[in-house]
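Reader: I'd like a close look at one part of this protein, please. Could you pick a helix, walk me through its surroundings, and then show me what else is worth a look?

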Amino acid sequence: MRIEFFGVRGSFPSADRCESRYGAATPCARIESAAGDAVILDAGTGLRMLGTRMAKKAPTEAPLRATILFTHFHLDHVFGLPFFDPLFLPRAEITFISWLDPEEMHEILGRLMKAPLFPVAFDETPCRKTFLRIGPEGATIGGMRVQRAQLRHPQGCMAYRFEDGKRSAVFATDTEHPEEGIDNRLAELARKASLFVYDAMYTPEEYAQGRKGWGHSTWEQGVELARAARVERLFLSHLNPEHDDRTIGRMRKAAKIRFRPTECAAAGLVVKL
Ligand SMILES: [Zn+2]
Ligand SMILES: [Zn+2]
């Protein structure tokens, strides 16, 4: 498996973070199986760069296939879609998957790309579109077994586990930990995962000072879950656009003391499993 991060910031892409080693773009990752099939997770602003690369790379005659799986539909996870080059190519075939009914997802994406918010209507873009739902039983996507677990987040958010042979990657992009203990559903999904991506939007201090109920978590809770689920590696993600590199570096250091294989996700980072 090969994971490539294109955006790891939460909430909004901040111009203040263009020089940051973690980047400024909002969530988007590409997960590739050993056989070379791929799934794009979320359509945050990081998707733009991936789309440009896909449109450039593919031979001009061949169909260009893409699969986008959504965790949820908050703006930071969809705002790259109107700027995704393959959307505007007649030879592109794009499959959109989420845990919502396909018609509902179609309608939401239509709302995102509609005048006066965007000049080109979603349904008028020339690519071929398919809409699918991933149910509680999971699915095979991009040649990988994908399982899901509902997270604690306003309007809902889904965590996904991708499995390819013995390797596995679990993404919990937006989630708030419970008042007491850990989220057992998520710990179960993440059990012994090769890679675990977790929402580290706040420092524990920030969380305690007025961020409860906002739907996000801390590096400390990520460490708790990583240890309970016995994952191999923890990647802190959904990084706060208000946090500079020094603040994120301090979070990473503090997390590493309690769980050594902790890293921070970063735009441009490639992880091979
Ligand atoms: Zn988010
Ligand atoms: Zn969200």
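Author: Happy to! Let's take helix 5, which spans residues 219–229; its buried residues are Trp 219, Gln 221, Gly 222, Val 223, Leu 225, Ala 226 and Ala 229. Please keep in mind that this is a predicted model. The buried residues of helix 5 pack against several elements: helix 3 (184–189), strand 11 (195–199), helix 4 (204–208), strand 12 (234–237) and helix 6 (245–258). Just after helix 5 comes Arg 230, with a positive phi near 55 degrees.

From there, let's turn to the metal site. The zinc ion (ligand 2) has three protein donors, His 72 through NE2, His 74 through ND1 and His 153 through NE2, at 2.1 to 2.2 Å. Along the sequence, these donor residues follow the spacing H-x1-H-x78-H. Two of them bring together distant parts of the chain: His 72 sits in the loop between strand 4 (64–69) and strand 5 (92–98), while His 153 sits in the loop between strand 8 (144–150) and strand 9 (158–164), 81 residues apart. Both His 72 and His 153 are buried. The zinc ion (ligand 2) also lies 3.6 Å from the zinc ion (ligand 1).

Strand 5 deserves a look of its own. Strand 5 pairs with strand 6 (residues 128–133) in the parallel sense, over six bridges. In this pairing, Phe 96 stands opposite Phe 131 of strand 6. Helix 2 (residues 102–112) joins strand 5 and strand 6 in a right-handed β-α-β unit.

Conventions:
Residues numbered from 1 in each chain as written. Chains lettered and ligands numbered in written order. Predicted model: local features only at pLDDT ≥ 70, side-chain atom pairs only at ≥ 80, totals over all residues. Heavy atoms only, no water. Buried < 20%, exposed > 50% of the residue type's maximum accessible area, 1.4 Å probe, protein only. Helix = DSSP H or I, 4+ residues; strand = E, 2+ residues; numbered from the N terminus. Contact = heavy atoms within 4.5 Å. Donors = N, O, S within 2.8 Å, 3.2 Å for Na, K, Ca; no water. Pairing = 2+ DSSP bridges. Right-handed = clockwise from strand over helix to strand, strands pointing away.
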